[in-house]
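Trainee: I would like a close look at one part of this model. Please take the loop that follows the opening helix, and set it in the context of the whole chain.

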Amino acid sequence: MSEETRAAIRTFIVENFLFGDDSHPLPADMSLIDNDLIDSTGILELVGFLEERFAISVADSDIVPANLDTIQKIVDFIARKRAA
């Protein structure tokens with residue numbers, strides 16, 4: 001499941017923040033914030049996507065880099081939310 005999750009998140013990021021340009025490397029551990037791929041508005045778009053696509057609820061207190069800064073952190077966050 002995590003590979004499917006990872007692929008869905010990567011696709012969302014490429015389509016929405018790289019405007020479909022899939023030529024850039026996007027490793028699962030690359031900081032989306034530090035590399036200016038996503039800003040505060042983008043984080044809100046990402047949260048909306050995660051809530052809809054993965055049927056989870058993201059609290060305001062969950063919206064921190066520890067949960068949403070890399071694809072891998074997002075995958076792990078979704079797994080924790082689903083397990084709870």
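Mentor: Start with the overall order. Read from one end of the sequence to the other, this predicted model runs α-α-α-α. The count is 4 helices and 0 strands. Your loop sits between α1 and α2, and α2 covers residues 40–54. Helix α1 spans residues 2–17.

Now the loop itself. Take Leu 18, which is found in this loop. Is Leu 18 buried or exposed? Its relative accessible area is 13%. The cut-off for buried is under 20%, so Leu 18 counts as buried. What does Leu 18 touch, once neighbours within four places in sequence are left aside? Its contacts are Ile 13, Leu 26 and Leu 37. There is also a distance to check against Ile 38. That residue is 20 places from Leu 18 along the chain, yet the two C-alpha atoms are separated by 9.5 Å.

Move on to Phe 19. This residue also belongs to the loop between α1 and α2. Its relative accessible area is 75%. Exposed means over 50%, so Phe 19 is exposed. So Leu 18 is buried, whereas Phe 19 is exposed. The backbone deserves a look too. Most residues other than glycine have a negative phi. Phe 19 is not a glycine, but its phi is positive, at about 55°.

A second loop offers a parallel case. Ala 55 lies between α2 and α3. Its phi is positive as well, at about 50°, and it is not a glycine. Ala 55 has 71% relative accessibility and therefore counts as exposed.

Next, go back into α1 and look at Arg 6, which is placed in that helix. Is Arg 6 buried or exposed? The relative accessible area is 19%, so Arg 6 is buried under the 20% cut-off. Which residues does Arg 6 touch, not counting those up to four places away in sequence? They are Ala 28, Ile 71, Gln 72 and Val 75. With Gln 72 there is also a polar contact between side chains, at 2.5 Å.

Ala 28 leads on to Thr 70. Thr 70 occupies the loop between α3 (65–68) and α4 (71–83). At 7% relative accessibility, Thr 70 is buried. Beyond neighbours within four places in sequence, Thr 70 is in contact with Ala 28, Asp 29, Met 30, Ser 31 and Leu 32. Ala 28 is thus touched by Arg 6 and by Thr 70.

Finally, the chain as a whole. A compact globule of 84 residues would have a radius of gyration near 12 Å, and the chain agrees because its value is 12 Å. Along the principal axes, the C-alpha atoms fill a box of roughly 35 × 25 × 20 Å. Buried residues are 40% of the 84. Among contacts with a separation of 6 or more, 55% come from residues 24 or more positions apart.

Surface and charge complete the picture. The exposed area is about 4900 Å², and carbon and sulfur atoms supply 52% of it. The chain carries 7 positive and 16 negative charges. Their mean positions are 8 Å apart.

Key:
Residues numbered from 1 in each chain as written. Predicted model: local features only at pLDDT ≥ 70, side-chain atom pairs only at ≥ 80, totals over all residues. Heavy atoms only, no water. Helix = DSSP H or I, 4+ residues; strand = E, 2+ residues; numbered from the N terminus. Buried < 20%, exposed > 50% of the residue type's maximum accessible area, 1.4 Å probe, protein only. Polar contact = N/O pair within 3.5 Å; in protein donor to acceptor, adjacent residues only side chain to side chain. Contact = heavy atoms within 4.5 Å. Rg over C-alpha atoms; globule rule 2.2 N^0.38 Å. Areas by Shrake-Rupley, 256 points an atom, 1.4 Å probe, with all protein chains shown as cover. Lys, Arg positive; Asp, Glu negative; His and termini not counted. Charge placed at Lys NZ, Arg CZ, Asp CG, Glu CD.
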